[in-house]
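Got the viewer open? Here is a short tour, one selection at a time.

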Protein chains: 2
Amino acid sequence: MRTEQSRNPTGRPRGFDAEEALEKAMLVFWEHGYEGASLATLTQTMGISTTSMYAAFGNKEELFRKALERYTEGPGGYLTRALEEPTAREVATAILAGTVRTTTRPTPPRGCMGVQGALSTSDAGEGVRDLLTAWRNDGCGSVRARFERAVAEGDLPPGADPALLARYVTTLAFGIAVQAAGGIGREELQAMADAALRTWPLT
Amino acid sequence: MRTEQSRNPTGRPRGFDAEEALEKAMLVFWEHGYEGASLATLTQTMGISTTSMYAAFGNKEELFRKALERYTEGPGGYLTRALEEPTAREVATAILAGTVRTTTRPTPPRGCMGVQGALSTSDAGEGVRDLLTAWRNDGCGSVRARFERAVAEGDLPPGADPALLARYVTTLAFGIAVQAAGGIGREELQAMADAALRTWPLT
DNA sequence: CCACTTCCGCATCGATCGATGCGGAAGTCG
DNA sequence: CGACTTCCGCATCGATCGATGCGGAAGTGG
């Protein structure tokens, strides 16, 4: 693998910053989705040739996988941070606030890469579609685990259903992503999130 | 326009049922999205040649527009019916129940055509993407108008915010569509919708 | 039965899709 | 400086994309 740091990197070094190029690719995938982003658009935005892209990242699907990892740790990092909030209420608040902020940036792309990246695809995109499905399920699972901990800690009432609450919060987050993809503004979505959290926790 | 019923339909009649073919096309678009559905897949499923498709529907984008109309009046008809419920609470309940039922059918397609049909696209799909954005906004606007009426009728408390409530219900519906596209089951989503409505109306 | 209209099977269009082979240039080592 | 490794510009691959031209077949109304 050329992308892994070899112990003996002899030869001509690559003439571009792979991290920079991956960031550009991530933005293109985020905006246009997996199948909507052509190799031509990707490589042009990345500033490299198709040859360099294949040498550095493997193929289009591998590039998308790496771009998704970068998204998860970058723009999508609010989820990990939210899970570290002290109470379930603050976790939910941070998730929705982070979703609103990330999906309604003043400049494109809008929406969530994990939602609009490949919600439905042709047969060729099934792999990526399933990857994003798993990505969303992982997110929901993390929230659920966090809420289970909250029940154990007495932070949530004993009768609370962590799975249901996690599904509720993530459903709102995915819905916000869809609204944001359609251009709905940050203030309106945040106001709605505030209202939804006013009745927290659901019973 | 060949698709409009002419007053003098002389000549050889077409050898297929246009409504049947449109139904098939709608299902393909629903499952794979606008750009994920190729002409080859569409015409093969419709059981007609590309020539017949172009003669009957114009082009791929026109076919999608007509398929969306059919979806709106068919599988998506629950929205119109829901708006006729007597109270805002029943409207919201019917919308979410209809969304869950429609997006989690036992056989594919799963999800909502208005959400996954073209959430993000290449440049060539911008027209359809904007069409679906308008479709979702129309839906939200209809719900908002219905909730405004509910406030006027005293069905919702005077302090209620119809726009916010409409945004909340549609956000949940879009989120449900995303969850369903990923394979989340009908029972789980309905249970979450029930819980969300237990705190209705939001303040 | 005839003249006319429409339908549709077949072949194909140019553009673009993702992906690759080749070979000289560039840079790193001993 | 020389041997070796890697990079990358260029050309191009076969497949598929949406869309169309042509012409005989089919069915119409008079």
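We start with the pair of chains, move on to the DNA, and finish inside one chain.

A word on the ground rules: this is a predicted model, in which local features need pLDDT of at least 70, side-chain atom pairs count only at pLDDT 80 or more, and totals for chains, interfaces and linings use all residues. Residues are numbered from 1 along each chain as its sequence is written, while chains are lettered from A and ligands numbered from 1 in the order in which they are written.

**Stop 1: chains A and B**

Select both chains. Chain B lands on chain A after a rotation of 180° with 0.0 Å of shift along the axis, RMSD 0.0 Å (a least-squares fit on the C-alpha atoms of residues with pLDDT of at least 70 in both copies). The two copies are thus related as by a two-fold rotation axis. To find that axis, pick Gly175(B), whose C-alpha comes closest to it among the residues of chain B, at 1.9 Å.

Now colour the interface. Here 39 residues of chain B are in contact with 39 residues of chain A (contact: C-beta atoms, placed from the backbone, within 7 Å). Which element of chain B gives the most to this side? Helix 9, with 11 residues (helices are DSSP runs of H or I, at least four residues, numbered from the N terminus). Sort the chain B side by class and you get 14 nonpolar, 19 polar and six charged residues (nonpolar: Ala, Val, Leu, Ile, Met, Phe, Trp, Tyr, Cys and Pro; charged: Asp, Glu, Lys and Arg; polar: the others, Gly among them).

**Stop 2: DNA strand D**

Select DNA strand D and what surrounds it. You should find 25 residues, the closest being Gly11(A), Gly15(A), Ser49(A), Ser38(B) and Lys60(B) (near: C-beta atom, placed from the backbone, within 6 Å of the strand). Helix 3 of chain A gives the most to this surface, with four residues. By class, the surface splits into seven nonpolar, 13 polar and five charged residues.

**Stop 3: the two domains of chain A**

Colour chain A by domain: domain 1 is 18-71 and domain 2 is 76-197 (bounds from an automatic or database domain assignment). Their C-alpha centres lie 25 Å apart. Where they touch, domain 1 brings 12 residues and domain 2 brings 14. On the domain 1 side, helix 4 of chain A gives the most, with five residues. That side has seven nonpolar, one polar and four charged residues.

Note on methods:
Contact = placed C-beta atoms within 7 Å. Helix = DSSP H or I, 4+ residues; strand = E, 2+ residues; numbered from the N terminus.
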